[in-house]
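Me: I'd like to go through the reasoning behind a few labels on this one. Can you take me through them?

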Amino acid sequence: MVQRKGKRSRGEDTERAGRLRKKAEKVIEELGKLYPNAKLELEYDNAFELLIEAILAAQESDKKVNELRPRLFKKYRGPEDIVKVPLEELEKDISSINFYRRKAKLIKKCCEVLVEEFGGRIPESVEDMVKLPGVGRKTANMVLGGAFGLPAIIVDRHVLRVSQRIGFTDKKDPDKVEEELRRIVPEDKWTKFSFLLLNHGKNICTARDPKCGECPVCGVCDSCKVKL
Ligand code: SF4
């Protein structure tokens, strides 16, 4: 059979998948030692809080969202409380956050759908979560993994960058990267793996000037700047 240029054969695909699985194991092992308590930086008590915070955290620091948290969730205990208030009141309550007007609209719509279609409960599947206005796969996975403890590959900008640098993927689209990582990482480690890469991207494998000299996965990373 003639093989198209640029296409990998089935044998090559299997070999590559095996190599990436081993690499993932090593990364989980090494980063697990470096970040034994890896978790999200957002603070939350339940899935409702994490969902609203994830919407607020788009183009905003987690620190700013955490600062607002006590006041916000003292007033809004669940989606019903948000549905009841006028939009202007919600805008005022989140006005310390970037793009608060747009986010207030999204949060309000999201809570309306939660109340009308899900009885006020946060759904426990990506498929249902992404039906909520303002919720994409990243947020859905963040809530599933972070609040419900379900297996979830969370592809935020840190996980995307670190995955590309280490060589898990050459894709740019987060949904495609999620799909690739799902195949490489064992399902029971999806959430842990996401938290580890997220922490690593914030602390060592930073967007500008990654600190490869301090990185425990330099030996398996395709982009390590340090000669071993
Ligand atoms: S070796 Fe460098 S580029 Fe690779 S993961 Fe570590 S810090 Fe990032």
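Reply: Sure, here are the labels one by one, keeping in mind that this is a predicted model.

Me: Which residues sit at the heart of the largest nonpolar core, going by how many other members they touch?

Reply: Leu51, Ile107 and Val143 touch the most other members, out of 57 residues in that core. Helices giving two or more residues include H1 (10-34), H3 (62-75), H6 (100-118) and H8 (137-146). H2 gives the most, with seven residues.

Me: Why is this core said to lie between domain 1 and domain 2?

Reply: Because domain 1 (47-146) and domain 2 (151-223) both give residues to it.

Me: What makes Ile52 and Gly134 count as contacts of Ile107?

Reply: Contact takes C-beta atoms within 7 Å. Ile107 touches Ile52, Ile55, Ile82, Leu90 and Gly134, leaving out residues up to four places away in sequence.

Me: Why is H8 called mostly covered?

Reply: A residue is buried if 20 or more other C-beta atoms lie within 10 Å of its own, and nine of the 10 residues of H8 are buried. Among them are Lys138, Asn141 and Val143. The cover includes H2, helix H7 (126-129), H10 and H11.

Me: How do you know which residues surround the ligand, and what are they like?

Reply: The test is a C-beta atom within 6 Å of the ligand. 14 residues surround the ligand, and the closest are Cys205, Cys212, Cys215, Cys221 and Cys224. The shell divides into 11 nonpolar, one polar and two charged residues, with Cys counted as nonpolar.

Methods. Residues are numbered from 1 along each chain as its sequence is written. This is a predicted model: local features need pLDDT of at least 70, side-chain atom pairs count only at pLDDT 80 or more; totals for chains, interfaces and linings use all residues. A nonpolar core is a set of buried Ala, Val, Leu, Ile, Met, Phe, Trp, Tyr and Cys residues joined through C-beta atoms within 7 Å. A residue is buried if 20 or more other C-beta atoms lie within 10 Å of its own, exposed if 12 or fewer, and partly exposed in between; C-beta atoms are placed from the backbone. Helices (H or I, at least four residues) and strands (E, at least two) are DSSP runs, numbered from the N terminus. Domain bounds come from an automatic or database domain assignment. Two residues are in contact if their C-beta atoms, placed from the backbone, lie within 7 Å.
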